[in-house]
Amino acid sequence: MMWAAVVVTAAGCYLLKLAGLSVPPRVLEHRLVERVADLIPVALLAALVAVQVFARGHEIVVDARALGLAAAVVLLLLRAPFLVVVFGAALVAAGVRLL
Amino acid sequence: MTDAPLDPRERSSIIRDSLGVGVATGAYGVSFGAVSVASGLSVAQTCALSLLVFTGASQFALVGVVAAGGAPLSGALTALLLGTRNTLYGLRLAPLLAWRGARRLLGAQVLIDESTAMAITRETREAARLGFLVTGWSIFVLWNLATLVGAIAGDALGDPRRYGLDAAVGAAFLALLWPRLDRPRNRWVALAAAGVALATVPVVPAGVPVLAAAAVALLAGLLTKEPAS
């Protein structure tokens with residue numbers, strides 16, 4: 001199943017890239033299409049943050065991951081680079097679990 | 001848009017800037033590699049994603065949904081929805097790059113956030129193509145090498161929770177989201193989407209809450225008049 005998902009994602013993401021370079025611009029020039037396409041990454045990424053940090057199975061929990069996320073927010077406000085944000089959050093979560 | 005040739009100074013400055021972006025971006029393939037094997041994918045699956053999918057947010061989305069216990073195919077669907085933004089980038093770049101045939105087929109693989117950003121502001125076709133190709137392919141090479149390193153290291157480390165790698169996934173998504181929160185409308189959409197996702201977690205299968213949150217984007221698109229950037 002995992003390999004099927006890898007293949008579907010690979011083929012689909014490539015075709016999505018190629019489509020933009022290939023279709024006549026007016027097909028997607030519609031204002032609404034453009035607005036929704038602009039907002040989809042925002043909605044999906046925000047939902048992924050929420051689920052990744054606060055869900056455990058079908059439960060909502062606040063644990064070390066939430067403190068990791070708080071650390072990420074602080075690092076982002078300090079304009080830290082991507083890798084520092086990601087591993088900084090991991091470090092804080094790992095540290096909290098050691099306590 | 002002109003076809004004027006590039007002077008050597010401009011050429012080397014575009015190459016230097018593009019390589020800088022390439023190195024900075026490619027390096028975080030390490031975090032993808034580590035997070036992916038921590039989510040239960042094999043090293044081979046992880047490397048296949050970086051080689052073939054090659055668009056960071058979609059890759060993180062697929063492994064994130066799988067890590068949360070979702071079905072691989074709902075992870076794939078989330079990844080594809082995130083991949084739609086590359087279509088919009090392509091639409092804007094098409095007249096600028098003006099590629100056909102094999103060059104278009106090859107160029108499409110490295111059509112991502114960063115290569116678009118490094119091409120879209122150029123004044124001439126040659127400059128746009130140079131910025132796009134150097135940025136895109138330097139990220140491609142480094143991203144794949146870094147993924148392999150991260151995957152092997154992640155595999156050797158054992159239980160990912162001990163190192164807080166489960167928290168790293170959320171931080172990665174937040175870092176990808178952060179630059180998009182510059183407009184109030186986007187902040188409201190992000191909050192509403194997170195709320196919808198958490199509200200549906202107890203009642204629907206894993207992976208579905210994230211897809212449900214995409215409806216927030218549709219609704220906000222229908223209800224607001226603010227033009228896209």
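Let's start in the middle of things: the largest nonpolar core holds 112 residues, and those with the most contacts inside it are A:Ala43, A:Leu44, A:Ala47, A:Ala89 and B:Ala193. Helix 2 of chain A makes the largest contribution to this core, with 16 residues. Please keep in mind that you are looking at a predicted model.

One of those well-connected residues, A:Ala89, is a good place to zoom in. Leaving aside residues up to four places away in sequence, A:Ala89 touches A:Gly68, A:Leu69, A:Ala71 and A:Ala72 in its own chain, and B:Gly164, B:Ala167, B:Ala168 and B:Ala171 in the other.

Following A:Ala89 across to chain B brings us to helix 9 of chain B, which covers residues 165-177. Is this helix mostly covered or mostly open? It is mostly covered, since 13 of its 13 residues are buried. Its length can be checked as well: at 1.5 Å a residue, the 13 residues of helix 9 of chain B should span 18 Å, and the end C-alpha atoms are 19 Å apart, so the two values agree.

Now step back to chain B as a whole. Chain B contains 11 helices and 0 strands, so from the N terminus on you will meet one α element after another: α-α-α-α-α-α-α-α-α-α-α. The radius of gyration of chain B is 19 Å, close to the 17 Å that the globule rule gives for 229 residues, which means that chain B is as compact as a globular protein of that length. Along its principal axes, the C-alpha trace of chain B spans about 60 × 50 × 30 Å. Of the 229 residues in chain B, 54% are buried. If you take the contacts in chain B between residues at least 6 apart in sequence, 71% of them join residues at least 24 apart.

Chain A has its own layout. It is divided into domain 1, residues 1-57, and domain 2, residues 62-99. The centres of domain 1 of chain A and domain 2 of chain A, taken over C-alpha atoms, are separated by 26 Å.

Finally, how do the two chains meet? In total, 63 residues of chain A are in contact with 82 residues of chain B. On the chain A side, helix 1 (2-22), helix 2 (31-54), helix 3 (64-77) and helix 4 (82-98) each supply at least two residues. Helix 2 of chain A gives the most, with 22 residues. By kind, the residues on the side of chain A that touches chain B divide into 51 nonpolar, 7 polar and 5 charged.

How values were computed: Residues are numbered from 1 along each chain as its sequence is written. Chains are lettered from A and ligands numbered from 1 in the order in which they are written. This is a predicted model: local features need pLDDT of at least 70, side-chain atom pairs count only at pLDDT 80 or more; totals for chains, interfaces and linings use all residues. Helices (H or I, at least four residues) and strands (E, at least two) are DSSP runs, numbered from the N terminus. The expected span of a helix is 1.5 Å times one less than its number of residues. A residue is buried if 20 or more other C-beta atoms lie within 10 Å of its own, exposed if 12 or fewer, and partly exposed in between; C-beta atoms are placed from the backbone. Domain bounds come from an automatic or database domain assignment. The radius of gyration is taken over C-alpha atoms; the globule rule is 2.2 Å times the number of residues to the power 0.38. Two residues are in contact if their C-beta atoms, placed from the backbone, lie within 7 Å. Ala, Val, Leu, Ile, Met, Phe, Trp, Tyr, Cys and Pro count as nonpolar, Asp, Glu, Lys and Arg as charged, and the others, Gly among them, as polar. A nonpolar core is a set of buried Ala, Val, Leu, Ile, Met, Phe, Trp, Tyr and Cys residues joined through C-beta atoms within 7 Å.
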